[in-house]
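Me: I'm new to this one and would like to learn how to read it. Could you walk me through a few features, one at a time?

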Amino acid sequence: MKQKFDIIESTCVPLPLENVDTDQIIPARFLKATTREESFFGENLFRDWRYDKQGNPVADFVLNKPEFCETPSEGVRQILLAGKNFGSGSSREHAAWAIAGYGFRVVVSSFFADIHRNNELNNFVLPVVVSEDFLAELFATVEADPDAKVRVDVPAQTICNLRTGRSEHFELNAYKKYCLMNALDDIDWLLEQKKSIEEYESRNA
């Protein structure tokens, strides 16, 4: 979903597993889907961890735990805390669709697979790279208190653990930052440049 990014303050869902690949994020069988509906892919995020073979929720998977479900006041938790090397494996964009479709706007990890990181950015999910030490602190904070909040300040490019006050700066490509802050995909951005493009073509005809 196209939403403008500014300051996101939210509780988190912790997934302290390393090397989570795109097939675990969204199994390959869902690549055959003919729909692009966000809700469809969101409902099947982490499908094989989230549900058993009979389609019943797996009680001890984090998205099924009551303390990490959506709340009446906030709705879906908007920040996913993920272990190192998140999004490895195939380049399927469906993985980013599933993350966005569930309602996550930010994924925090100490390392992302490059293609998946770009897929998230292209689908209005912000991948925030932090130090391993800071990530460990975030996991510990959320484990101690599932209602602890994190603030992601996109204009300032900072992430803050509101419980401890510790913050870190994160890198974000200037072009993607502009697109996120203005809810623009690549086509929207090109259309925004239409007048400049036409003027250039006129001068160089």
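Reply: Sure. Keep in mind that this is a predicted model. Let's begin with charged pairs: a search of the whole structure turns up 12 salt bridges.

Me: Which side chain does Glu 9 meet in a salt bridge?

Reply: Arg 151, at 3.1 Å from N to O. Glu 9 sits in strand β1 (residues 7-15) and Arg 151 in strand β5 (residues 149-153), so this pair ties together parts 142 residues apart in sequence. Glu 9 counts as partly exposed, at 38% relative accessibility, and Arg 151 is partly exposed too, at 32%.

Me: And what does Lys 84 form a salt bridge with?

Reply: With Glu 132, where the closest N and O atoms are 3.2 Å apart. Lys 84 is in the loop between β2 and α4, while Glu 132 is in helix α6 (residues 132-144), so parts 48 residues apart in sequence get tied together.

Me: Can salt bridges link up? Which residues are joined into one network?

Reply: Start with Glu 168 and Arg 166, whose side chains meet at 3.7 Å, N to O. Salt bridges with shared partners then join Asp 133, Glu 137, Arg 166 and Glu 168 into one network. Glu 168 is buried, with a relative accessible area of 17%, whereas Arg 166 is partly exposed at 28%.

Me: What about a charged residue without a salt bridge? How far from Lys 177 is the nearest side chain of opposite charge?

Reply: That side chain is Asp 153, and it is 7.4 Å away; Lys 177 is buried yet has no salt bridge. Look at the backbone instead: the oxygen of Pro 155 lies 2.7 Å from a polar atom of the Lys 177 side chain. Lys 177 belongs to helix α7 (residues 174-181).

Me: Now strands. How do I read their two faces?

Reply: In a regular strand, side chains alternate between the two faces of the sheet. In β3, Val 106 and Val 108 are on one side, Val 107 and Ser 109 are on the other, and all of them are buried.

Me: In which sense do β2 and β3 pair?

Reply: Parallel, over three bridges, with Leu 80 partnered by Val 107. β3 also pairs with β4 (residues 126-129) in the parallel sense, over four bridges. Here Ser 109 stands opposite Val 129.

Me: What do β2, α4 and β3 make?

Reply: A right-handed β-α-β unit. β3, α5 and β4 make a right-handed β-α-β unit as well.

Me: How many residues of α4 are buried?

Reply: Eight of its nine, so to speak a mostly covered helix. Its cover includes α1, α2, α3, β3 and α5.

Methods
Residues numbered from 1 in each chain as written. Predicted model: local features only at pLDDT ≥ 70, side-chain atom pairs only at ≥ 80, totals over all residues. Heavy atoms only, no water. Helix = DSSP H or I, 4+ residues; strand = E, 2+ residues; numbered from the N terminus. Buried < 20%, exposed > 50% of the residue type's maximum accessible area, 1.4 Å probe, protein only. Lys, Arg positive; Asp, Glu negative; His and termini not counted. Salt bridge = Lys/Arg side-chain N within 4 Å of Asp/Glu carboxyl O. Polar contact = N/O pair within 3.5 Å; in protein donor to acceptor, adjacent residues only side chain to side chain. Contact = heavy atoms within 4.5 Å. Pairing = 2+ DSSP bridges. Right-handed = clockwise from strand over helix to strand, strands pointing away.
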